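Student: Could we go through this fold together, step by step, with the structure open in front of us?

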Amino acid sequence: MITTVIFDIGNVLAAYDWEDALKRLGYSEETREIIGNAVFRSADWNEMDRGVLTLEELLQRFIKRAPEYEKEIRQAIYNYKDMAHQYDYTKPWLKELKEKGLRLYYLSNYGEFGVQETLEALDFRELMDGGIFSSEVKMIKPSRWIFEELLYRYKLNREEAVFFDDSAANAEAACQVGLHGIQFTGYEDARQKLESLLARDRKSVV
C-alpha cells in the first residue's frame, strides 16, 4: 500500500534551467557554451551538490577551465536565483496528495548556496513532511546511501513509498533500494502513474 511520495526537486517540482538564465544575462551562444562546459556540465558541479567544498573553492575549479571567462562565470553563479522557478502545478498537487493522507518528502541533489539563493522557488516545502538536500549529508544521488538516510531519518517503509526523479539513473537507484522508483517525464504522466498505484491499493482493500 502506498503511503508516501518522495520527490526530486529540479525539473520535477521546480524548473531548473541554467541555459535560459545565461541567455537572460545576454551572453553570446559561444560564451554560453564555454561556461556550460566549464561549470554546469563539469564533474565539479556534482561537488557543489555534495557540499564538501566552499563556494570560492568551487568557483576556482570552474574558472580554471576557462580563466578568460572569470567575470562571466562568477556572474552566472551569483545569479543562481534566476535558474529556478516553481511550477504552477506544484503546490496544488502537493495539497491534493496531502488531502489523500499521503506523507510527502523531498530528496534532491542541491548545494547549500543554491538552496539559499532559491528559497522562494522552494517554498512548497512547507507542505511537506520533511526531506534531505544532498549538501546536508555530503552524498548525492544515485548513491543508495542517501536513500537509506532518508528512510532511516523519517522511519519510512520503503515498500510503501513512491519516488519521482527526472533522472532515469536516480529512479533506478530508488528501485534498487526497494522504493517504487519512477522516472518523471511530466506532471500529467506522473500524476497518472501515481493514481494507478493508489487505485490498485484501493482495489486490494475491497
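The conversation below goes from the sheet to the loops and then to the packed helices.

Tutor: Before we begin, note that this is a predicted model, in which local features need pLDDT of at least 70 and side-chain atom pairs count only at pLDDT 80 or more, while totals for chains, interfaces and linings use all residues. Residues are numbered from 1 along each chain as its sequence is written, and side-chain values use heavy atoms, with hydrogens and water left out.

Student: What is the order of the strands in the open sheet of five strands?

Tutor: Helices (H or I, at least four residues) and strands (E, at least two) are DSSP runs numbered from the N terminus, and two strands pair if DSSP finds at least two bridges between them. Strand 1 (residues 4-7) runs parallel to strand 4 (residues 103-108), to which four bridges join it, and strand 1 also pairs in the parallel sense with strand 6 (residues 161-165) over four bridges. Strand 6 in turn pairs with strand 7, again in the parallel sense and over four bridges. With parallel pairing, the open sheet of five strands has the order 5-4-1-6-7.

Student: Which are the edge strands?

Tutor: An edge strand here is one that pairs on one side only. The two that do so are strand 5 (130-133) and strand 7 (180-183).

Student: Which residue stands opposite I6 in strand 6?

Tutor: On the side of strand 4, I6 stands opposite Y105, and in the pairing with strand 6, V5 stands opposite V162. In strand 6, the residue opposite I6 is F163.

Student: Are the residues of strand 6 buried or exposed?

Tutor: Buried means under 20% relative accessible area, exposed means over 50%, and partly exposed lies in between, using a 1.4 Å probe and protein chains only. From strand 6, A161, F163 and D165 point one way and V162 and F164 the other way. Five of the five residues of strand 6 are on the covered side of that cut-off, which is to say buried.

Student: What angle does the direction of helix 9 make with that of strand 5?

Tutor: Axes are lines fitted to C-alpha atoms, for helices over the stretch in contact, and angles run from 0 to 180 degrees between N-to-C directions. Helix 9 (residues 144-153) packs on the sheet and touches strand 1, strand 4, strand 5 and strand 6, where contact means heavy atoms within 4.5 Å. With the direction of strand 5, the direction of helix 9 makes about 155 degrees.

Student: How far apart are D8 and D166 in space, C-alpha to C-alpha?

Tutor: D8 lies in the loop between strand 1 and strand 2 (14-16), and D8 is buried, with a relative accessible area of 6%. Leaving aside neighbours within four places in sequence, D8 has contacts that include K141, D165 and D166. Although D8 and D166 are 158 residues apart in sequence, their C-alpha to C-alpha distance is 7.5 Å.

Student: Which peptide bond is cis?

Tutor: P142 is found in the loop between helix 8 (134-137) and helix 9, and K138 is found in that loop as well. K138 has a positive phi near 60 degrees, in a residue other than glycine. With omega near 15 degrees, the cis peptide bond is the one from K141 to P142.

Student: Why are helix 2 and helix 5 described as roughly perpendicular?

Tutor: Angles under 35 degrees count as roughly parallel, over 145 as roughly antiparallel, 65 to 115 as roughly perpendicular and the rest as oblique. Helix 2 (residues 29-40) meets helix 5 (residues 70-78) through T31, I35, A38 and V39 on one side and E72, I73 and I77 on the other. Their axes are 11 Å apart, and the angle that gives the description is about 70 degrees.

Student: Which word describes helix 4 relative to helix 5?

Tutor: The axes of helix 4 (residues 55-65) and helix 5 come within 10 Å and cross at roughly 140 degrees. The word that follows from this angle is therefore oblique.
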